[in-house]
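Please open the model in your viewer and keep the selection tool at hand, since this tour goes from one selection to the next.

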Amino acid sequence: MRRARVLVLVAAVCFATTGTAQALGPDASSATVGAARIAVGALLLVAVERVAVERADGERTGPIGARRSAGGRSGLSPRAAVVVAGVGVACYQLCFFAGVRSAGVAVGTVVALGSAPVFAGVLVWLVDRVRPTGAWLAATVISMLGVGLLTVARTDGAGPASPTGVALSAGAGAAYALFTVASKQVLTGGASPTVVMSRAFGLGAVLLSPVLVLGGSGWLATPSGVATALWLGAVPTALAYVLFARGLRSLPAEEVATLTLAEPVTAALLGVAVLGERPPPLAIAGVVAILTGLVVLARR
């Protein structure tokens, strides 16, 4: 359990590099950057899967669908669960970028990240009939309070957020939870983490391909654009989600969703170290609250 938590936390650190990489990269629409990230990540995940399948070190666990998920009381087959996970990948990208465009980066990010653990807990309750623990509830409430403090600190009195943007950001949180819970079902059935992630992100890349084609991808022809796409596809996507899946295989889906709230903490620290940002005291309090919530969850 401890190793699994560490894997998820390392994945969250990788996720957090996304914003810094975009800030240092070329001027491009967030939607096309997200689509390029998923496309490159999917290609790398497929390559990793091929290497893993050819090795005889226990990584190969059989094709998806060979065994039904142990937690599959919902009647969802492993292949159907992978499709649901892939749809979750695509919907998250679309809802998240549309949400932050309408509600603002700070509010959109906090609604998406903060709502994901709640949606995950509800989905696990509905699908697997497993009630979330008191420790998870306490940790999630404390961590969400911290994310809220970070948001207030970054809005700088910009005024109320757009209800449409908030709704879209909540949709992103629901999509992320859907991806997490569906992936957990397949992993519980014995499928390899690399296989599950490559299938889900491969489908996500196909669904997002029109965004990349029609949204303007000229920035990919520049050296800076290539470097940004490769980093986003390799580190916060391929590497991060393999680690994420390995941790998810041993942990409850709702706990994993809460652990990934380490992402905004890392993003804030990267903003200070790399981008020269100076967070106000309220943001520091938010970081402390999130870390406190994660400690509460780990001590369970």
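Begin by selecting Tyr241 and Phe244, which both lie in helix α9, three residues apart, or about one turn of the helix; helices here are DSSP runs of H or I with at least four residues, numbered from the N terminus. This is a predicted model, in which local features need pLDDT of at least 70 and side-chain atom pairs count only at pLDDT 80 or more, while totals for chains, interfaces and linings use all residues. Residues are numbered from 1 along each chain as its sequence is written, and side-chain values use heavy atoms, with hydrogens and water left out.

Tyr241 is buried, with a relative accessible area of 8%, and Phe244 is buried at 0% (buried means under 20% relative accessible area, with a 1.4 Å probe and protein chains only).

Next, extend the selection to the whole of helix α9 (residues 223–248) and add helix α1 (residues 2–15), whose axis comes within 8 Å of that of α9 and crosses it at roughly 160 degrees; axes are lines fitted to C-alpha atoms over the stretch in contact, and angles run from 0 to 180 degrees between N-to-C directions. The two helices, α1 and α9, are therefore roughly antiparallel, a term for angles over 145 degrees. Among the residues making this contact (heavy atoms within 4.5 Å) are Phe15 of α1 and Tyr241 and Phe244 of α9.

Finally, select helix α2 (residues 17–24), which packs against α9 at an angle of about 175 degrees, with the axes 10 Å apart. Here Thr17, Thr18, Ala21, Gln22 and Leu24 of α2 meet residues of α9 including Trp231 and Pro236.

How values were computed: Parallel < 35°, antiparallel > 145°, perpendicular 65-115°, else oblique. Buried < 20%, exposed > 50% of the residue type's maximum accessible area, 1.4 Å probe, protein only.
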